[in-house]
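The exercises that follow take a reader new to this structure through a few of its parts, each with a task and a worked solution. Please look over the sequence and the structure before starting.

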Amino acid sequence: MNELPAATQVLVAGGGPVGLATAVELGRRGIDCVVIEPREVVSHARPRCKTVNIRTMEHLRRWGLAGRLRARAPLRVDWSQDIVFCTSLAGYELSRFTGVLGLADDPDRYPERGQQVPQFVLEEMLREAVDDLRMCTLLTGWSVEGLTRKPDEVRVTVADGKGRRGAITAEYVVGADGSRSAVRKAIGASYVGETALRPNFGMVFQAPALLESVAHGPAIQYWTVNADAPGIVGPLDQDGTWWCVAFGLDRETGLRQGAEWIRAAIGVDTDVEILSTDPWTARMQLADRVGDGRVFLAGDAAHLNPPFGGHGLNTGIGDAVDLGWKLAAVLDGWGGPELLDSYASERRPVQDRVIAEATANMKALPADLVSPDLEADGWAGDRARAVAGSRIQATKHAEFHALDLVLGTGYDDSPIVVTTERDGRPGRAGHRLPHVRLDGNGSLYDELGQDMTLILVDGRTAAATEAVAGFRAAADRRRVPLAVVDLRRPELHDHFGNSILLVRPDQHIAWAADEAPAEPWHILDRVRGA
């Protein structure tokens with residue numbers, strides 16, 4: 001559809017994964033949403049992000065999309081869970097990490113493993129998901145040009161590539177339109193931070209026979225440590241399509257010598273056809289504000305970080321989820337006047353931490369690990385490789401095993417979280433609800449309501465009965481959709497840390513205690529931003 005509607009509740013600028021995720025979060029809640037995206041089709045030329053982490057997969061599960069993404073992924077999650085450091089793909093192995101990036105199965109900790117998949121596969125699936133939602137409209141071929149803001153609405157001017165222009169009036173606008181965001185410029189926000197000095201040169205190439213020549217077995221990434229080609233090489237599929245990043249290679253040199261660099265990295269003389277190139281420089285930047293009245297920023301429009309650790313797109317999806325349920329709550333009438341203000345206070349510390357972690361990961365790259373004897377035979381080579389392997393394990397482990405960042409980051413200082421003195425225990429307020437396996441492949445997450453959920457570890461207690469009555473009365477009075485889940489499993493008390501938990505739409509705990517609150521309406525008002 002390319003006809004412009006006159007008005008919508010939420011206009012999302014940018015139809016990449018973050019903008020589409022925002023639309024899915026809104027559309028599933030019955031909110032009318034229009035997504036403006038300049039690209040008619042999703043390009044397969046550059047894979048961009050390749051790691052969909054556990055937390056994003058949990059949201060995809062909530063939307064009914066996790067299985068669909070796995071079915072489309074060119075590499076199954078069990079094909080490999082390793083990252084290898086080597087002198088080349090045919091050379092010496094220096095070190096290996098297993099169970100990386102949340103790909104290992106741990107059903108007692110999470111219901112969904114991470115998934116290696118090119119960004120374009122995720123994006124195409126999310127486009128289809130948006131098309132399936134009656135309340136969502138994806139308009140391709142159009143770009144946002146500017147905003148005119150009023151107290152109760154935003155008028156968004158748009159244009160297509162054929163000279164046509166128009167305007168859409170929205171109650172709220174979300175700028176998910178990337179690093180060159182027109183929405184960010186329209187509200188006068190600017191990036192603050194730094195840009196790395198070292199250039200990088202990404203390539204996608206075809207090498208049909210390469211997988212047979214790899215000396216180290218299947219891996220999702222091979223970090224090549226040699227003086228001629230320090231970088232990363234990885235398979236996009238099992239049919240001979242590969243991606244790589246040449247660290248320190250500028251655009252001009254990469255265009256001239258890209259194939260030569262690839263051959264030095266893989267270490268075998270095989271046919272190589274470069275399909276696309278992507279020069280880039282790491283940026284460590286935050287927008288100086290992520291909201292202004294009825295306009296908000298999400299994803300790359302709000303923050304940029306080095307790609308090391310695979311956090312960028314996933315952090316953007318987290319933005320989309322946090323902002324999406326809050327916009328829906330306000331538009332549905334149960335979200336209070338302070339709810340949208342909490343978007344910045346919750347997401348900015350997360351974005352800041354991700355930038356810091358990714359920047360730390362960038363400090364140890366293959367060029368920094370090269371030594372003269374890495375490919376030597378005999379004692380000198382053995383010693384050099386052992387030293388390199390020890391250094392790799394010491395400096396890169398945190399990058400590939402970052403579940404504390406992915407699953408443990410919470411909103412400790414959020415104004416819409418109610419903490420108690422006992423919140424040092426598991427399942428504390430502000431943090432992700434601990435996963436519990438139910439029958440078969442089921443998860444407690446599958447039982448949660450779409451909006452607020454009251455979880456009772458054992459609903460047969462007097463405290464649970466009192467809590468249900470109090471919260472239901474408060475929710476009815478304030479028109480807050482509230483589901484109740486009674487686990488009837490008192491042995492899980494220590495797992496959750498409390499007996500009664502109020503859980504938000506994003507699966508974060510809003511409040512938790514062992515006793516029914518004296519004034520549940522005060523808790524509910526705090527959680528809904530009132």
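In sorting residues by class, Ala, Val, Leu, Ile, Met, Phe, Trp, Tyr, Cys and Pro count as nonpolar, Asp, Glu, Lys and Arg count as charged, and the others, Gly among them, count as polar. The model used in these exercises is a predicted one.

**Exercise 1. The largest cavity**

Task: Describe the largest cavity by its space, by the residues and helices that line it, and by the classes of those residues.

Solution. Begin with the count, which comes to four cavities of 30 Å³ or more. The largest cavity holds about 310 Å³ of space.

Next, consider the lining of the largest cavity, which is made by 22 residues, and note that Arg55, Gly318, Arg347, Val350 and Val406 lie nearest the centre. At least two lining residues are supplied by each of α2 (54-62), α8 (312-332), α9 (342-361) and α11 (403-408), and the largest share, six residues, comes from α8.

Finally, apply the classes to the lining of the largest cavity, which gives eight nonpolar, nine polar and five charged residues.

**Exercise 2. An arginine in a helix**

Task: Decide whether Arg62 is buried or exposed, and list what Arg62 touches.

Solution. Locate the residue in its element: Arg62 belongs to helix α2. Then use the cut-off, by which a residue is buried under 20% relative accessible area. Because its relative accessibility is 18%, Arg62 counts as buried. Lastly, leaving aside residues up to four places away in sequence, the contacts of Arg62 are with Glu25, Arg28, Arg29, Val321, Pro505 and Gln507.

**Exercise 3. A strand inside an eight-stranded sheet**

Task: Place β13 in its sheet, find its partners, and explain why β13 is described as largely enclosed.

Solution. Start with the whole sheet, an open one with mixed pairing, in which eight strands follow the order β5-β4-β12-β13-β14-β11-β15-β18. Its edge strands are β5 (93-98) and β18 (303-304), each of which pairs on one side only.

Now take the two partners of β13 in turn. Strand β12 (residues 221-224) pairs with β13 in the antiparallel sense over three bridges, with Thr224 opposite Gly231, and a hairpin of six residues joins β12 to β13. Strand β14 (residues 241-247) is joined to β13 by five bridges, again antiparallel, and Cys244 in β14 is the bridge partner of Val233. The hairpin between β13 and β14 has five residues, and Gly240 in this turn has a positive phi of about 100°.

For the last step, recall that the side chains in a regular strand alternate between the two faces of the sheet. In β13, Gly231, Val233 and Pro235 on one side and Ile232 and Gly234 on the other are all buried, and both faces are thus covered. Five of the five residues of β13 (residues 231-235) are buried, so this strand is largely enclosed by the rest of the structure.

To complete the picture, add two helices: α10 (residues 378-400) lies across β4 (82-86), β5 and β12, running at about 25° to β5, while α9 lies across β15 and β18, running at about 125° to β15.

**Exercise 4. The four-stranded sheet**

Task: Give the order of the strands in the sheet that contains β22, explain what is left open at its edges, and name elements that cover the buried residues of α14.

Solution. The order in this open sheet of four strands is β20-β19-β21-β22, and the pairing is mixed. Because β20 (482-486) and β22 (509-513) stand at the edges with a single partner strand each, one side of each is left without a neighbour in the sheet. The average twist from one strand to the next is 15°.

Then work through the pairs. Strand β19 (residues 452-456) runs parallel to β20 with five bridges, and Thr453 stands opposite Ala483. Strand β21 (residues 500-503) runs antiparallel to β22 with four bridges, and Leu502 stands opposite Trp511. In the hairpin that β21 and β22 form, five residues lie between the strands, among them Gln507 with a positive phi of about 70°.

Although β22 is an edge strand, five of its five residues are buried, so β22 is largely enclosed by the rest of the structure.

Turn last to helix α14 (residues 520-527), in which Pro520, Ile523, Leu524, Asp525 and Val527 are buried. Their cover includes β19, α12 (462-478), β21 and β22.

Definitions and conventions
Residues are numbered from 1 along each chain as its sequence is written. This is a predicted model: local features need pLDDT of at least 70, side-chain atom pairs count only at pLDDT 80 or more; totals for chains, interfaces and linings use all residues. Side-chain values use heavy atoms; hydrogens and water are left out. On a 1 Å grid over the protein atoms alone, a cavity is a set of points where a 1.4 Å probe fits but cannot get out, and a pocket is an open set with protein on both sides within 12 Å along at least five of seven lines; lining residues have an atom within 4 Å of a point. Grid points are joined across faces, edges and corners, and a volume is the space filled by probe spheres set on the points. Buried means under 20% relative accessible area, exposed over 50%, partly exposed in between (1.4 Å probe, protein chains only). Two strands pair if DSSP finds at least two bridges between them. Axes are lines fitted to C-alpha atoms, for helices over the stretch in contact, and angles run from 0 to 180 degrees between N-to-C directions. Contact means heavy atoms within 4.5 Å.
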